[in-house]
Amino acid sequence: MLPIIVGMAQVWGSWGAQRGQVDAADPTTRVLLDPLGFALLCVGPLALFMRRAHPVATLVTVIAATCVYVYEGYSYGPVFLSPIIAIVNAVLTGHRRAAWITSTALWAFFAVYSTWLLPRSQGWFHHASIGAIILVVLTAAEVARARREQRLEAERVAEEESRRQASEERLTMAQELHDVLGHSISLIHVQASTALHLMDEHPEQARTALATIKQASKDVLSEMRSVLGVLRDDAPRSPTAGLDQLDELIERTGPAVTKRVAGTPRPLPPGVERAAYRIIQESLTNVTKHAPGARATVTLTYAPEELSVQVDDSGSTGPSALTGEGGGNGIPGMRERAVALGGSLTAGPHPPGFRVEARLPIPPIAGTTSKDAE
């Protein structure tokens with residue numbers, strides 16, 4: 001569509017412009033359009049049809065046709081639309097050097113033509129004016145190119161950020177599912193082993209273990225629905241586990257777990273709450289797996305600028321005792337959660353058993369400072 005509009009503008013505009021530039025009695029004026037002139041007016045617009053596939057060839061063709069048109073003495077006018085569009089197109093498509101070289105050649109042609117080939121020679125002011133116009137076109141094209149590249153770069157960065165966030169969300173989901181399934185399945189495994197061991201001699205105790213298995217399986221299904229629910233379009237984009245569910249977690253784990261709280265409990269950022277809950281859950285899972293029968297103590301310490309989470313057990317026996325990094329991804333996963341929030345986590349033997357301690361930074365209490373905390 002653009003080449004057709006440019007062609008019509010050049011032909012009709014030049015045909016009208018020649019009325020004020022042609023005087024048959026004065027040989028120094030421009031000449032009337034003839035078939036060659038009309039053909040040259042059409043060369044530029046026709047060349048613009050291939051401006052996207054062959055921008056440099058289009059530019060050279062348009063500039064050449066324009067120079068021949070001017071050299072033949074036809075009237076000035078809209079004939080310069082095609083060169084302007086071709087120059088801008090070359091710059092925008094990345095052929096900046098070709099655009100500047102051909103533009104310089106076009107200016108040199110006008111300087112030579114108006115100095116030695118016109119009946120009335122033009123001075124340097126005329127040459128500077130033409131150069132300024134060409135420079136304005138090139139500058140506008142360069143600005144448009146720079147803005148387009150900035151927009152494309154912003155879109156690329158936004159797309160990369162979107163992919164990064166999606167990757168982080170998948171990692172978060174994987175961590176959440178690992179913690180949910182690991183804790184509940186470990187608890188079910190321990191209780192199932194207990195039920196099998198007691199089924200013949202102590203059926204009532206086996207019944208209690210089976211009831212625990214039933215409740216644990218129900219709880220894990222409910223929590224999995226909660227975790228997977230964040231995949232819905234209208235759901236929040238973060239899992240909902242928090243310290244408000246800690247009492248339920250301890251109750252599911254069994255009577256061998258006690259909770260202690262130091263400091264003044266207060267609302268915490270969702271990320272800190274989720275990390276604290278999952279660290280406690282994974283720690284209790286490790287106790288259930290590697291130290292069956294051991295007692296565990298969960299201690300939460302609310303300081304002005306950090307939350308301390310500590311899980312101690314009364315000790316494990318045999319080769320299943322847990323070491324510093326564990327045999328799987330449990331402790332490294334807990335450490336990653338703490339470090340992601342700018343905190344730290346240590347895990348290792350602590351006579352008589354094992355200790356996991358995490359320090360998670362939190363916003364200070366309003367009206368307090370680090371000095372006040374001391």
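# A guided tour of a predicted model

Start with the whole protein. This is a predicted model, with a mean pLDDT of 85 for the protein. Of its residues, 89% reach 70 or more.

**Stop 1: the overall view**

Show the protein as a cartoon. You should find 11 helices and 5 strands. The chain has 374 residues, and 39% of them count as buried. Now turn on the surface. The accessible surface comes to about 21,000 Å². Carbon and sulfur atoms own 62% of that area. How much of the contact network links residues 24 or more positions apart? Such pairs make up 70% of the contacts with a separation of 6 or more.

**Stop 2: two helices side by side**

Select residues 55-71, which form helix α3. Add residues 96-117, which form helix α5. Their axes lie 11 Å apart. The packing angle is about 5 degrees. Angles under 35 degrees count as roughly parallel, so α3 is roughly parallel to α5.

Next, show the side chains where the two helices meet. On the α3 side, pick V56, L59, V60, I63, C67, V70 and Y71. On the α5 side, pick A98, A99, T102, L106, F109, F110, Y113 and L117. Which classes of residue make up this contact? There are 14 nonpolar residues, 1 polar residue and no charged ones.

**Stop 3: helix α4 and its partners**

Select residues 81-92, helix α4. Two of its residues are worth a click.

Click V88 first. V88 sits in α4 and counts as partly exposed, at 24% relative accessibility. Leave out residues up to four places away in sequence, and V88 touches V137 and A141. Now draw a distance from V88 to T139, C-alpha to C-alpha. The two residues are 51 apart along the chain, and the gap in space is 9.3 Å.

Move to L92, which also lies in α4. L92 is partly exposed, with a relative accessible area of 24%. What does L92 contact, leaving aside neighbours within four places in sequence? Its partners are A141, A144, R145 and R148. Draw a line from L92 to R148. Their C-alpha atoms are 8.5 Å apart, although 56 residues separate them along the chain. Note that A141 is a contact of V88 and also of L92.

**Stop 4: a glutamate in helix α9**

Select residues 270-290, helix α9, and find E282 in it. Is E282 buried or exposed? Its relative accessible area is 4%, so E282 is buried. Show what surrounds it. Not counting residues up to four places away in sequence, E282 touches H178, D179, G330 and M334.

**Stop 5: prolines in loops**

Go to P255. This proline is in the loop between α8 (246-253) and β1 (257-262). P255 has a relative accessible area of 76%, so it counts as exposed. Measure across to A296 in your viewer. The C-alpha atoms of P255 and A296 are 9.4 Å apart, with 41 residues of separation in sequence.

Continue past β1 to P267, in the loop between β1 and α9. P267 is exposed too, with a relative accessible area of 78%. Its C-alpha is 9.5 Å from that of L243, a residue 24 positions away in sequence.

Now jump to P352. It lies in the loop between β4 (344-350) and β5 (353-361). Zoom in on the bond that joins P351 to P352. Is this peptide bond cis or trans? The bond is cis, with omega near 10 degrees.

**Stop 6: where to be careful**

Finish by colouring the model by pLDDT. Select residues 317-327. Here pLDDT stays under 50, and the model has 15 contacts beyond four places in sequence for this stretch. Then select residues 369-374. Again pLDDT stays under 50, and the model has 3 contacts beyond four places in sequence. Where pLDDT is low, the predicted coordinates should not be read in detail.

Note on methods: Residues numbered from 1 in each chain as written. Predicted model: local features only at pLDDT ≥ 70, side-chain atom pairs only at ≥ 80, totals over all residues. Heavy atoms only, no water. Axes fitted to C-alpha atoms, helices over the stretch in contact; angles between N-to-C directions. Helix = DSSP H or I, 4+ residues; strand = E, 2+ residues; numbered from the N terminus. Parallel < 35°, antiparallel > 145°, perpendicular 65-115°, else oblique. Contact = heavy atoms within 4.5 Å. Nonpolar A, V, L, I, M, F, W, Y, C, P; charged D, E, K, R; others polar. pLDDT = per-residue confidence, 0-100. Buried < 20%, exposed > 50% of the residue type's maximum accessible area, 1.4 Å probe, protein only. Areas by Shrake-Rupley, 256 points an atom, 1.4 Å probe, with all protein chains shown as cover.
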